[in-house]
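Biologist: Could you take me on a close look at the empty space in this protein? I would like to hear what lines the largest pocket, and what you find for cavities too.

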Amino acid sequence: MGIIKYFEEFGLNEKRSTGGRTVTETDIVIHAGQSGDFFPHHMDEEWCKTQPFKKRIAHGTLIFTIAVGLTAAVINEVAMTYGYDRLRFVKPVFIGDTIKATVTISEKKDHKKPGFGLVTELVEVFNQHGETVMVCEHVLLVNKKVS
């Protein structure tokens with residue numbers, strides 16, 4: 001779905017939540033193949049039994065990718081991703097966990113290029129138990145209204 005929402009129309013602390021997405025073994029295997037990350041933490045069930053979490057964990061980069069996809073249900077035609085800051089993987093995500101995200105507008109500031117502003121979204125990702133598993137800041141470059 002496409003919308004048009006200019007810099008001036010974003011309100012601090014404005015929130016939205018996403019639907020959920022269950023992480024599967026297939027997700028992990030495909031991500032390992034695409035990324036080249038075949039670390040035993042993700043791929044070796046028997047080795048993982050000897051480790052603190054006792055089972056395989058999803059790649060942090062996989063969780064980031066899924067989270068970004070969850071937040072992209074609404075496409076703003078006058079904004080684009082400028083980057084991501086302060087990415088942290090707070091807790092592991094396991095096969096069968098369902099994650100969802102909350103997006104909160106945390107900062108707005110002018111950009112050096114006239115006609116644009118930067119909007120920062122705090123992205124918090126939670127598992128099915130309500131535990132935070134990932135946090136980052138998504139920075140958007142957003143058009144200002146033409147006067």
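Modeller: Happy to; here is a walk through the pocket, followed by the cavity. Please keep in mind that this is a predicted model.

Let me start with the open space. The largest pocket has a volume of about 420 Å³. Its lining is made up of 21 residues, and those closest to the centre are Arg-16, Val-74, Asn-76, Glu-121 and Leu-140. Several elements give two or more residues to this lining: strands E2 (15-17), E4 (75-76), E5 (79-89), E6 (98-110) and E8 (132-143), together with helix H4 (60-71). E5 provides the largest share, with 4 residues. By class, the pocket lining holds 12 nonpolar, 4 polar and 5 charged residues.

For context, UniProt, in an unreviewed entry, places a "MaoC-like" domain at residues 15-121. That span is 29% helix and 35% strand, and its end C-alpha atoms lie 9 Å apart.

Now to the enclosed space. The count comes to 1 cavity of 30 Å³ or more, and about 40 Å³ of space lies in the largest cavity. Around this cavity sit Ala-67, Val-68, Thr-71, Tyr-84, Val-123, Met-134, Cys-136 and His-138. H4 and E8 each supply at least two of the cavity's lining residues, and both elements also give two or more residues to the lining of the largest pocket. As for chemistry, the cavity lining has 6 nonpolar and 2 polar residues, with no charged ones, whereas the pocket lining includes 5 charged residues.

Terms used. Residues numbered from 1 in each chain as written. Predicted model: local features only at pLDDT ≥ 70, side-chain atom pairs only at ≥ 80, totals over all residues. Heavy atoms only, no water. UniProt positions renumbered as here; feature names shortened; annotations may be inferred. 1 Å grid on protein atoms, 1.4 Å probe; cavity = no way out; pocket = protein on both sides within 12 Å on 5 of 7 lines; lining within 4 Å. Points joined across faces, edges and corners; volume = space filled by probe spheres on them. Nonpolar A, V, L, I, M, F, W, Y, C, P; charged D, E, K, R; others polar.
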